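User: Please take a close look at one residue of this protein and what surrounds it, and then set that residue in the context of the rest of the chain. I would like a connected account, with the cut-offs behind each term.

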Amino acid sequence: QVQLVESGGGWVQPGGSLKLSCATSERIFNTHAMGWFRQVPGLEREFVASIAWVGDNRYYADSVYGRAIISRDPTKNTMYLQMNSLKPEDTAVYYCAASGGSAIAMKLNGVTDSYSWGQGTQVTVSS
C-alpha cells in the first residue's frame with residue numbers, strides 16, 4: 001500500500017501563494033516519479049506538474065507554467081508544489097500521485113489507473 005499524505009491547502013486571495021506538500025515513504029520517494037493533479041467537481045482530474053525520481057526533470061501544465069514550482073526534498077521524502085500568482089481558476093482539490101513510470105508520461109498520459117493517490121487537499125482562490 002502506497003501512502004501519500006498531502007498538506008498545505010487552504011484559502012488564498014487572487015495573486016497570493018500556497019505551498020503544497022506530499023509526504024511518502026523512502027522506498028516510494030526513491031523509485032517513483034511523483035506529480036500533482038487537480039480536480040474541480042464535475043470535471044476530470046487534470047495534470048498540474050510532475051518530477052522525476054532521479055535527475056531534475058520537471059514538467060508543468062500550460063495553465064500553471066511560470067507560476068508553479070515542483071520540487072523534492074530527499075531528506076524528508078517529501079514533494080512540494082509552490083503555487084504563485086494564484087487565480088480563481090486554480091481553485092480545486094489537489095492530489096499527489098506516484099507513478100512507477102516516468103514524469104513525462106504523467107504529463108502526456110494524464111490520469112491512469114496505475115497511479116497511487118493521496119487523499120487530496122482543497123485549494124480555494126477567491127477574494
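Analyst: Two residues are said to be in contact, or to touch, when heavy atoms of theirs lie within 4.5 Å. The model is a predicted one, in which local features need pLDDT of at least 70 and side-chain atom pairs count only at pLDDT 80 or more, whereas totals for chains, interfaces and linings use all residues. Residues are numbered from 1 along each chain as its sequence is written, and side-chain values use heavy atoms, with hydrogens and water left out.

The residue I have chosen is alanine 33, which is placed in strand β4 (residues 33-39); strands (E, at least two residues) and helices (H or I, at least four) are DSSP runs numbered from the N terminus. Alanine 33 has a relative accessible area of 1%, so it counts as buried, a word that here means under 20%, with exposed meaning over 50% and partly exposed in between (1.4 Å probe, protein chains only). Once residues up to four places away in sequence are set aside, alanine 33 touches Ile51, Trp53, Ala97, Ala98, Ser99, Gly101, Ser102, Ala103 and Met106. Arginine 58 lies 25 residues from alanine 33 along the chain, and the C-alpha atoms of the two are separated by 9.9 Å.

Several of those partners lead towards strand β9 (residues 92-99), which also holds cysteine 96. Cysteine 96 is joined to cysteine 22 by a disulfide with an S to S distance of 1.9 Å, the term being used for a pair of cysteine sulfur atoms within 2.5 Å. A search of the whole structure finds 1 disulfide. Because cysteine 22 lies in strand β3 (residues 18-23) and cysteine 96 in β9, the pair ties together parts that are 74 residues apart in sequence. Both cysteine 22 and cysteine 96 are buried, and the torsion about their S-S bond is about -70°, so this disulfide is left-handed.

Further along the sequence, glycine 100 is found in the loop between β9 and α2 (103-109). Glycine 100 has 65% relative accessibility and therefore counts as exposed, and its C-alpha atom is 22 Å from that of glutamine 39, a residue 61 places away along the chain.

The loop between β6 and β7 offers another view of burial. Alanine 61 is found in that loop and is buried, with a relative accessible area of 11%; apart from neighbours within four places in sequence, it is in contact with Phe47 and Val48. Aspartate 62, placed in the loop between β6 (58-60) and β7 (68-73), counts as exposed at 72% relative accessibility. The C-alpha atoms of aspartate 62 and valine 48 are separated by 8.4 Å, with their positions 14 residues apart along the chain.

Backbone geometry draws attention to two other loop residues. Most residues other than glycine have a negative phi. Asparagine 77, however, has a positive phi of about 50° although it is not a glycine; it is found in the loop between β7 and β8 (78-83) and is buried, with a relative accessible area of 16%. Serine 85 likewise has a positive phi of about 50° without being a glycine, but it is found in the loop between β8 and β9 and counts as partly exposed at 42% relative accessibility.

Turning to the chain as a whole, there are 2 helices and 11 strands, which follow the order β-β-β-α-β-β-β-β-β-β-α-β-β along the sequence. Of its 127 residues, 44% count as buried, alanine 33 being one of the buried residues. Among contacts between residues at least 6 apart in sequence, 60% join residues at least 24 apart. The radius of gyration is 13 Å, which agrees with the value near 14 Å for a compact globule of 127 residues; this radius is taken over C-alpha atoms, and the globule rule is 2.2 Å times the number of residues to the power 0.38. Along the principal axes, the C-alpha atoms fill a box of roughly 40 × 30 × 25 Å.
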